[in-house]
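User: I would like to go through a protein structure with you. Please keep the answers brisk.

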Amino acid sequence: MDSDQVEDFFSNIMKTEQETSAGIAAIRTLLEYLKHDKSKTVVELRENLRTVIDVMTNTDYPTTAVVSGSELFLRFITLAAGLDKGSFEECKEIMIKRGKVFLNKLMKSRSRVAKLAAAFISDGSRILTHSRSRVVLQTMKEAAESHRRFEVYVTKSSPDSSGDEMAKELMSLGIPCTVILDSAIGYVMEQVDMVMVGAEGVMESGGIVNKVGSFTMAVCAKEMKKPFYVLTESFKFARQFPLNQRDLPDQYKYRSSILGGDLTKEHPLVDYTPPAYITLLFTDLGILTPSAVSDELIKLYL
């Protein structure tokens, strides 16, 4: 597969499979490339896989989960026992098998998160969420199927109005839902019992990168003493330690098509919510406090 084929394969998954996250799409693309690669050594193969990751991060899709998921994938397949023995083809077969095991494990992670988080939704709850999150949607579906009655407020989420789509999907599940303006977060916050958001990436600090506006919501929740819950899969854990908004890499904040130009007039697509504003993270590794994320990252990369 050349660069164009890699980009087409990745983009096709993102366009046609709405429920597939960018991180999973990236891992599937890497696995597909691995099957067709013509490398002769492990070092050459690793360099080629790095090139594939660069191609995917240069598309206009969210890159935070692409980077973290791809790094974990490379770590997982290259630490397999037996790679120092036998022929390169045998090593490659081991990598492909390990890659399939890794992907199958991740495919189940969203349902694990949903089961954990759904237990926190009780009858009569009022929940505020931001934009459209697949794992938040699945969590609410899980709670609704358990015959719990609750109400959801969804931000419209400018500039793409992804909250409208989230609201339609919730209402199709029979869940009462109200779309609010992003600027109405403070007004609505006093009426809700909790905030539930997804994440595009979880930083080593325990903070999150998510759709722009998440930080504003977290600040309001903290001030009004409402729990701010983050629902996310562990493949989104990234070895980054930003201290503020400016510390986030530009490739996380802007579409690749505008990188290299004047970004001073551009609005970022995501923002960074520091760990001090997060109550708990619901992950496929369990329910974590923000301070526990760094420990889990160490385990993931051991």
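User: Which residue in strand 8 does Asn210 stand opposite?

Analyst: This is a predicted model, where local features need pLDDT of at least 70, side-chain atom pairs count only at pLDDT 80 or more, and totals for chains, interfaces and linings use all residues. Residues are numbered from 1 along each chain as its sequence is written, and side-chain values use heavy atoms, with hydrogens and water left out. Strand 6 covers residues 208–211 and pairs with strand 8 in the antiparallel sense, over four bridges. Opposite Asn210 in strand 8 stands Asp271.

User: Which strands are the edge strands of the open sheet of three strands?

Analyst: Strands pair if DSSP finds at least two bridges between them. Strands are DSSP runs (E, at least two residues), numbered from the N terminus. The sheet has the order 5-6-8, with antiparallel pairing. Pairing on one side only marks the edge strands: strand 5 (201–202) and strand 8 (270–273).

User: What radius of gyration does the protein have?

Analyst: The radius is taken over C-alpha atoms, and the globule rule is 2.2 Å times the number of residues to the power 0.38. For 302 residues, a compact globule would have a value near 19 Å; the protein agrees, with 20 Å.

User: What percentage of the 302 residues count as buried?

Analyst: Buried means under 20% relative accessible area, with a 1.4 Å probe and protein chains only. By that cut-off, the share of buried residues is 50%.
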